[in-house]
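Student: I am new to this structure and would like a close look at one part, its aromatic pairs. Could you take me through them slowly?

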Amino acid sequence: MKLSGALTSADTHVGSYPTVQAVIRFGELLKERTNGKLSVQMYPGGQLGNERDTLEITTFGGLDFNRVNLAPLNSIEPLTIVAALPFLFESTEHMRGALDGPIGDEILASLERHGLIGLCFYDSGARSFYNTRGPIQTPDDMRGLKLRVPGSDLYVAMVNSLGADATPMPLDEVYQSLAQGVIDGAENNWPSFESGRHYEVARYYSLTRHLLAPEVFVMSKISWDKLSSEEQAIVRQSARDSVPYMRQLWDEQVERSRKTVLASGVSVNEVDPALFTDKMTGMWDSFVTTSKQRELVDRMLSMRTGKS
């Protein structure tokens with residue numbers, strides 16, 4: 001059976017979010033380059049479930065495409081853990097440079113044995129901590145805070161290393177949990193903090209910028225195998241061609257979200273990252289356990305401008 005017509009894709013973010021718009025752009029390129037044979041029907045806003053649910057559906061071929069965070073992939077593929085290590089990337093430019101080349105290709109290729117075709121990386125910005133209690137200046141300020149994290153052992157260990165209490169939870173449950181006091185805070189980027197309206201209830205945002213982990217755009221291998229080699233090439237190229245578009249939208253969205261949050265009166269503070277770095281990089285060895293992971297880490301570190 002060959003694929004044709006509108007293929008399905010899911011995203012937990014709202015329709016205006018840059019990753020959603022990038023996949024819509026991907027679908028337009030796909031339709032144009034296949035003369036209308038292939039296109040994409042987008043289901044944003046978590047309509048089809050949280051990322052763990054939709055990832056499983058994608059693996060079984062119930063969804064053709066999916067945009068997911070690295071966190072749910074960490075539990076199935078060790079190489080994805082590398083790009084999720086705290087304080088690994090020194091800047092957005094470093095992250096983009098590392099993942100646009102052979103290193104990124106190796107991580108994407110590692111997903112195939114799990115029933116997924118890794119197509120490209122999208123930006124997810126710098127993640128920082130926000131909470132309902134007060135500004136975080138040092139790790140001591142985090143002691144005892146109940147903080148939401150994505151469902152990933154690495155994220156749990158990262159937050160616990162700072163003395164906080166990591167609470168795995170789907171993104172769509174965070175607003176209500178903050179409002180009801182189930183959790184004290186979470187960590188995420190400016191656009192997610194703003195678009196999820198978390199800033200309405202968590203009024204303290206502390207710019208640790210501890211993660212620059214990317215998002216991943218994947219295709220079901222079951223769907224992929226139904227394509228001709230020519231169509232597969234078109235899918236790969238169209239996905240890669242959607243990346244610069246996504247990054248332009250992302251950079252613009254970060255600034256809009258930042259202005260919206262600041263205008264609302266949220267308390268935003270800078271921190272000294274050195275106070276957090278030692279505690280958070282000290283857990284690397286617990287997750288970088290294979291020679292291949294270590295090799296990728298070393299190659300990424302060698303691309304730092306400071307080579308530190």
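Tutor: What follows looks at the aromatic rings and how they are paired. This is a predicted model, in which local features need pLDDT of at least 70 and side-chain atom pairs count only at pLDDT 80 or more, while totals for chains, interfaces and linings use all residues. Residues are numbered from 1 along each chain as its sequence is written, and side-chain values use heavy atoms, with hydrogens and water left out.

A search of the whole structure finds 10 aromatic pairs, where rings of Phe, Tyr and Trp (its six-membered ring) pair if their centres lie within 6.5 Å, and planes under 30 degrees apart count as stacked, over 60 as edge-to-face and the rest as tilted. Phe65 and Phe217 form a stacked pair, because their ring centres are 5.5 Å apart and their planes lie at 25°. This pair links distant parts of the chain, with Phe65 in strand 3 and Phe217 in strand 10 (residues 215-220), 152 residues apart; strands are DSSP runs of E, at least two residues long, numbered from the N terminus. Phe65 is buried at a relative accessible area of 0%, and Phe217 is buried at 0% as well, where buried means under 20% relative accessible area (1.4 Å probe, protein chains only).

The rings of Tyr130 and Tyr205 are tilted, since their centres are 5.9 Å apart and their planes lie at 55°. Here too distant parts of the chain are linked, Tyr130 being in strand 5 (residues 127-131) and Tyr205 in strand 9 (residues 204-211), 75 residues apart. Tyr130 is buried, with a relative accessible area of 1%, and Tyr205 is buried at 0%. Together with Trp190, Phe193 and Tyr199, Tyr130 and Tyr205 form one aromatic cluster.

How values were computed
Helix = DSSP H or I, 4+ residues; strand = E, 2+ residues; numbered from the N terminus. Buried < 20%, exposed > 50% of the residue type's maximum accessible area, 1.4 Å probe, protein only.
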